[in-house]
Structures are given as structure tokens and as C-alpha cells.
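Got your viewer open and a selection box ready? Here is a short walk through the structure, one selection at a time.

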Amino acid sequence: FYIYFPAKDAFLRDLANRYIGFEGQTYPRLSSRNSAFANMRRWVWWYEKTFAANVGILKCMVQMGGEDAAMAAIWRQRNSALVDRSMDGWLRSRPDSDAVLQRAVLRTAGTMIDQSLFERHGVQPGPGIELPDDPDFAIDLHALMMFRAAYGRNPPAEEFAPETSFRRMLDAGL
């Protein structure tokens, strides 16, 4: 081990950087043939599934980043890379939008998703919110909230299956 790395922290930083590369390689391609909400939900699905499958690395990045400036910089680099990639797609589809405002919306919505995932996967303790056992509930919730933040409106109700609480909520005008 020490032939390749001078210390455990150097290994963990290298692992974190490799993880960022992995996220970049697996980032989903979104289709213009899909609705904006379908693309948003696909991205949220990818993000949440990737997060869950790699929670140990993410936990290390967050916790080590609290005391290690280099790891904190890697965490910020990772978040910026995700927002940059999302902004590329957003600006291609909406070239007349306010890029500064949209970047702030994406960062804020992403932070909301991260905090929920931190709590659910034990990265950091949160408010202890209880979610239904439905595995897609959080994905639908996060996609709905992110869509509302990005577009300033609800997605079409038919984007949700009729039996979901989200469909009932949208049908009721909430």
C-alpha cells in the first residue's frame, strides 16, 4: 500500500478523484425526444442510484472534507462538475435563460437532494424525515421539486402514474 501512496489520506483523495471521473463517465444522456420532466426524473434516478451504490466514497468525501482542505476542494470540484454538465444541457435547450440564476437554482436543488440522501444513507444525520417504503417515492419527489425550481411550474400530471400521491396532488392543483 505505502509503495503506491504516502499515506491513507492520499489514497482517499485519489479514490475521490477517480469517483468524480466515474460520475462524469456515467452521467446520463438526456434525449430531446423526452419531456423535460422525463429527462429531469431520469437524471435524478441516475444520481440517486449512483449515490446509493457509492455511499461509502461519498461519506468519506463529506466527512474527511470537514477537516481536510484538499478533500473539501475535491468535494466542491465534484459538485461544480455536476452543475457544469447540467448547465451545458440546460443552456442548449434554453439559450435565452439567465445562466447565473439557473446555476443557483441547480446548486440549490442539488443541495436539497444531497441532504435527503445524506440522511437516508447515513452520511450525516438530518431531521429524521420518514419517507414511504416506495423506492421511487424519493426519486419522484426530488424530480418534482427540482422541476418546479428549474421551470417555475409543475410537470404535466400525466407524467406520473395515476395511483401515485404526486398525481393526486397535481390533479388537486397543489
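## First stop: a bridge between two helices

Start with Arg41, which is partly exposed at a relative accessible area of 22%. Keep in mind as you click that this is a predicted model. Now add Asp140 to the selection: its side chain meets that of Arg41 in a salt bridge, 2.5 Å from N to O. The pair ties together distant parts of the chain, with Asp140 in helix H6 (residues 137–151) and Arg41 in helix H2 (residues 36–53), 99 residues apart. Is Asp140 buried or exposed? Asp140 counts as buried, because its relative accessibility is 8% and the cut-off for buried is under 20%.

## Along H2 to Glu48

Stay on helix H2 and select Glu48 together with Arg120. These two form a salt bridge as well, with the closest N and O atoms 3.4 Å apart. Here too the pair links distant parts of the chain: Glu48 sits in helix H2, Arg120 in helix H5, and 72 residues separate them. Glu48 counts as buried at 4% relative accessibility, while Arg120 is partly exposed at 38%.

## A bridge inside one helix

Next, pick Asp14 and Arg18. Their salt bridge has its closest N and O atoms 2.8 Å apart. Both residues belong to helix H1 (residues 8–26), where they are 4 residues apart, about one turn of the helix. Arg18 is exposed, with a relative accessible area of 58%, and Asp14 is partly exposed at 26%. How many salt bridges does the count come to? It comes to 6, including the ones you have just visited.

## An acid without a bridge

Now go to Asp114 in helix H5 (residues 99–120). This one is buried but has no salt bridge; Arg78 is the nearest side chain of opposite charge, 4.1 Å away. Why doesn't that pair make the list? A salt bridge has to fall within 4 Å, so Arg78, at 4.1 Å, misses out. What Asp114 does have is a polar contact of 2.3 Å between its side chain and that of Tyr47. To see the surroundings, show Tyr47, Phe51, Trp75, Arg78 and Asn79: Asp114 is in contact with them, leaving aside neighbours within four places in sequence.

## The aromatic patch

Tyr47 leads straight to the next selection. Together with Tyr27, Trp43, Trp46, Phe51, Trp75 and Phe118, Tyr47 forms one aromatic cluster. Across the model the count of aromatic pairs comes to 12. Zoom in on Trp43 and Tyr47: their ring centres are 5.1 Å apart and their planes meet at 10°, so this pair is stacked. Both residues lie in helix H2, 4 residues apart, about one turn of the helix, and both are buried.

## Last stop: helix H4

Finish with residues 69–93, which make up helix H4. For its 25 residues the expected span at 1.5 Å a residue is 36 Å, and the end C-alpha atoms are 36 Å apart, which agrees. Colour the buried residues and you will pick up some you have met already: among them are Trp75, Arg78 and Asn79, along with Met71, Leu82 and Trp90. What covers these buried residues of H4? The cover includes H1, H2, helix H3 (55–65), H5 and H6.

Conventions
Residues numbered from 1 in each chain as written. Predicted model: local features only at pLDDT ≥ 70, side-chain atom pairs only at ≥ 80, totals over all residues. Heavy atoms only, no water. Helix = DSSP H or I, 4+ residues; strand = E, 2+ residues; numbered from the N terminus. Buried < 20%, exposed > 50% of the residue type's maximum accessible area, 1.4 Å probe, protein only. Lys, Arg positive; Asp, Glu negative; His and termini not counted. Polar contact = N/O pair within 3.5 Å; in protein donor to acceptor, adjacent residues only side chain to side chain. Contact = heavy atoms within 4.5 Å. Phe/Tyr/Trp six-rings, centres within 6.5 Å; stacked < 30°, edge-to-face > 60°. Expected span 1.5 Å × (residues − 1).
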